[in-house]
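Hi,

Here is the structure I promised to pass on. Have a look at it first, and then read on for what turned up.

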Amino acid sequence: MSTTDLRHRNVPLEMTPEAFRTAGHRLVDEIATFLDSVRNRPLTPAETPRAVRHLLPDALPEEGADPATLLAETAPLVFDHSLLNGHPRFFGYIWASAAPIGALADLLAAAVNPNVGGWQLSPVASEIEGQCVRWMSNLLGMPSQTEGLLVSGGNMANFVCFLAARRAKGGEALREQGLPRDAGRLLVYASTETHTWIQKAADLFGHGTESIRWIPVRSDLTMDVDALLRQIEKDRERGDKPFLLVGNAGTVSTGTVDPLRRLASIAREHDLWFHADGAYGALALLTEEAPADLAGLREADSVAMDPHKWLYAPLEAGCALVRHPGALRDAFSYTPPYYSFDDEEEDPSTNYLELGPQNSRGFRALKVWLGLRQAGRDGYREMIGDDIRLARELHRRVEAEPRLEAMMCALSISTFRYVPEDLKPGAEAVDTYLNELNEGLLHRLNKSGEIFLSNAIVGDRFALRVCIVNFRTILADIEAVPAIVLRHGVEVDRALRPTSSFGTSR
Ligand SMILES: *Cc1c(COP(=O)(O)O)cnc(C)c1O
């Protein structure tokens with residue numbers, strides 16, 4: 001090794017402007033070609049973990065390499081060995097096709113690299129995040145004093161709201177003394193359809209999962225409000241302290257919306273913090289297709305929503321919104337609290353590290369903000385509305401196909417299953433087999449590269465689940481779904497069907 005010359009350092013990570021320009025232009029060209037090719041690519045290469053591992057270098061190199069060569073090698077590695085969720089026939093989970101402007105925004109954000117923990121460290125980035133949060137609150141019709149911040153996703157957004165709620169309802173002493181140990185346990189109320197973030201929150205923040213009161217759902221999978229009221233009463237009588245009521249503004253599994261207005265008024269009556277989990281569904285409020293109950297989230301004390309879902313931002317972007325000014329600072333700030341009740345004033349000194357759990361924070365607002373500006377409110381209304389209309393179109397086609405059993409259709413999720421013609425659900429052995437068959441079918445479909453779905457459990461039935469959060473999907477993609485499902489369904493049935501065949505002949 002040569003002796004270092006600190007006057008003219010050798011910096012193996014630096015790129016000359018020329019090298020950056022050439023490698024960058026080439027990469028952008030390759031990305032443009034990739035995006036143009038997505039529809040014609042298989043959705044997945046369906047490779048084994050071992051096969052994918054073999055594509056990577058064996059060992060950490062001792063010496064470096066030319067960045068242009070590395071990028072030229074790595075682009076096809078990533079294009080060709082990924083599950084393509086930007087494919088028009090990607091319908092799995094609630095995982096949006098990413099807006100191309102988001103990819104460019106991330107490049108720009110990383111190039112400047114502001115730290116959006118402190119205003120001084122990120123003047124324009126902090127202001128853009130503030131505007132982004134106000135715009136999102138405005139899109140949902142939340143009150144203008146609403147505060148919030150961007151986080152990594154729905155889980156973190158719900159966590160932040162959970163912590164704001166318990167600080168508000170549990171009092172300031174809780175920050176020093178922790179949770180009450182014996183009497184007066186802080187309890188949480190949520191339906192059995194609630195996303196698993198609630199378990200992580202109760203566990204990680206020291207409440208324990210037994211502090212969750214799982215409220216049963218009605219047959220339409222919305223919270224049974226009478227059961228909720230009975231449970232609250234019982235817990236209060238025992239001397240526990242109900243503090244948080246969670247309503248689903250679109251459940252993760254089937255897209256159902258809890259009776260949010262009713263929950264809001266129950267929360268007010270019983271001095272609970274009302275939190276709406278709108279990670280998926282909140283933005284459906286923009287459309288005429290939204291169920292009436294969804295508007296109840298405007299009465300919530302806090303709302304979690306996910307720009308990386310229905311704002312089509314690339315991962316990661318979640319957003320926590322809290323209607324009470326100062327509530328986030330009360331929960332997270334460790335410098336003298338600063339309250340601003342006048343939301344119309346630009347507050348140049350928002351230091352986001354005081355409003356949430358993170359310290360150093362990236363500029364994730366940029367991709368969200370640029371997406372909002374590119375599409376506008378009207379653009380989002382149209383894209384989200386189309387997603388919902390396409391899901392309904394699919395559901396109609398499923399209903400019309402005798403070998404498919406339609407289950408639920410809510411927001412942009414349709415659930416159904418394959419039932420071979422000669423099988424009648426109802427008998428236990430048949431029901432068990434149908435679950436096994438549809439689970440096998442899901443795995444086969446997801447390896448086919450033609451389509452990608454996920455699953456839901458509806459009652460006791462294993463359902464195939466199509467969730468459309470995808471601006472690339474068009475009617476032809478939806479029309480293709482039943483035939484693809486049936487073609488693979490017949491094959492899986494042939495392979496799995498027990499020889500006894502439930503007493504029916506084949
Ligand atoms: C997606 C989702 C979450 C979790 O969000 P992540 O962004 O995956 O962390 C929580 N709740 C609901 C209702 C969701 O749809």
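Before we get to the ligand, one term: a polar contact is a pair of N or O atoms within 3.5 Å. Please also keep in mind that this is a predicted model.

So which residues come nearest to the ligand? There are 15 residues around the ligand, and G154, D277, D306, H308 and K309 are the ones that come nearest. Three of these deserve a look with the cut-off in mind. G154 uses its backbone: an N or O atom there lies 2.7 Å from an oxygen atom of the ligand, which means that the pair counts as a polar contact, the limit being 3.5 Å. H308 works through its side chain instead, with a polar atom 2.7 Å from an oxygen atom of the ligand. K309 also brings in a polar side-chain atom, and that one lies 2.8 Å from a ligand oxygen. On its own the ligand has 380 Å² of accessible area, and the protein covers 85% of that.

Where does the shell around the ligand come from? Helices α6 (154-170) and α11 (307-310) each supply at least two of its residues. The largest share, three residues, is from α6.

Next, the sheets. One is an open sheet of seven strands with mixed pairing, and if you walk across it the order is β1-β7-β6-β5-β4-β2-β3. The edges are β1 (147-151) and β3 (212-215); each has a single partner strand, so one side of each is left without a neighbour in the sheet. On average, neighbouring strands here are turned by 20° against each other, ignoring direction. At the β1 edge, the partner is β7 (residues 318-322): the two run antiparallel and are joined by five bridges. To find your way in, look for L149, which stands opposite A320 in β7.

There is also an open sheet of four strands, in the order β8-β9-β11-β10, and its pairing is antiparallel. Why is one side of β8 (404-410) and of β10 (454-458) left without a neighbour in the sheet? Both stand at the edges and have a single partner strand each, so nothing in the sheet flanks their other side. The average turn between neighbouring strands in this sheet is 35°, again with direction ignored. β10 runs antiparallel to β11 (residues 461-467), with five bridges joining them, and I457 stands opposite F462 in β11.

Two backbone oddities are worth a click. Most residues other than glycine have a negative phi, and most peptide bonds are trans. Y93, though not a glycine, has a positive phi of about 55°; you will find Y93 in the loop between α3 (67-80) and α4. The bond joining L315 and E316 is a cis peptide bond, with omega at about 5°. E316 sits in the loop between α11 and β7.

Finally, have a look at the surface and the charges. F20, V28, L104 and L107 form a nonpolar patch on the surface, with about 390 Å² of accessible area together. Helices α1 (17-37) and α4 (100-112) each supply at least two residues of that patch, and F20 is in α1. Helix α1 also holds R26 and E30, four residues apart, or about one turn of the helix. These two form a salt bridge, their closest N and O atoms being 3.2 Å apart. In total, the structure holds 32 salt bridges.

Over to you!

Technical notes: Residues numbered from 1 in each chain as written. Predicted model: local features only at pLDDT ≥ 70, side-chain atom pairs only at ≥ 80, totals over all residues. Heavy atoms only, no water. Pairing = 2+ DSSP bridges. Axes fitted to C-alpha atoms, helices over the stretch in contact; angles between N-to-C directions. Patch = residues over 30% accessible without salt bridge, like charges linked within 9 Å, V, L, I, M, F, W, Y side chains within 5 Å. Areas by Shrake-Rupley, 256 points an atom, 1.4 Å probe, with all protein chains shown as cover. Salt bridge = Lys/Arg side-chain N within 4 Å of Asp/Glu carboxyl O. Near = heavy atom within 4 Å. Polar contact = N/O pair within 3.5 Å; in protein donor to acceptor, adjacent residues only side chain to side chain.
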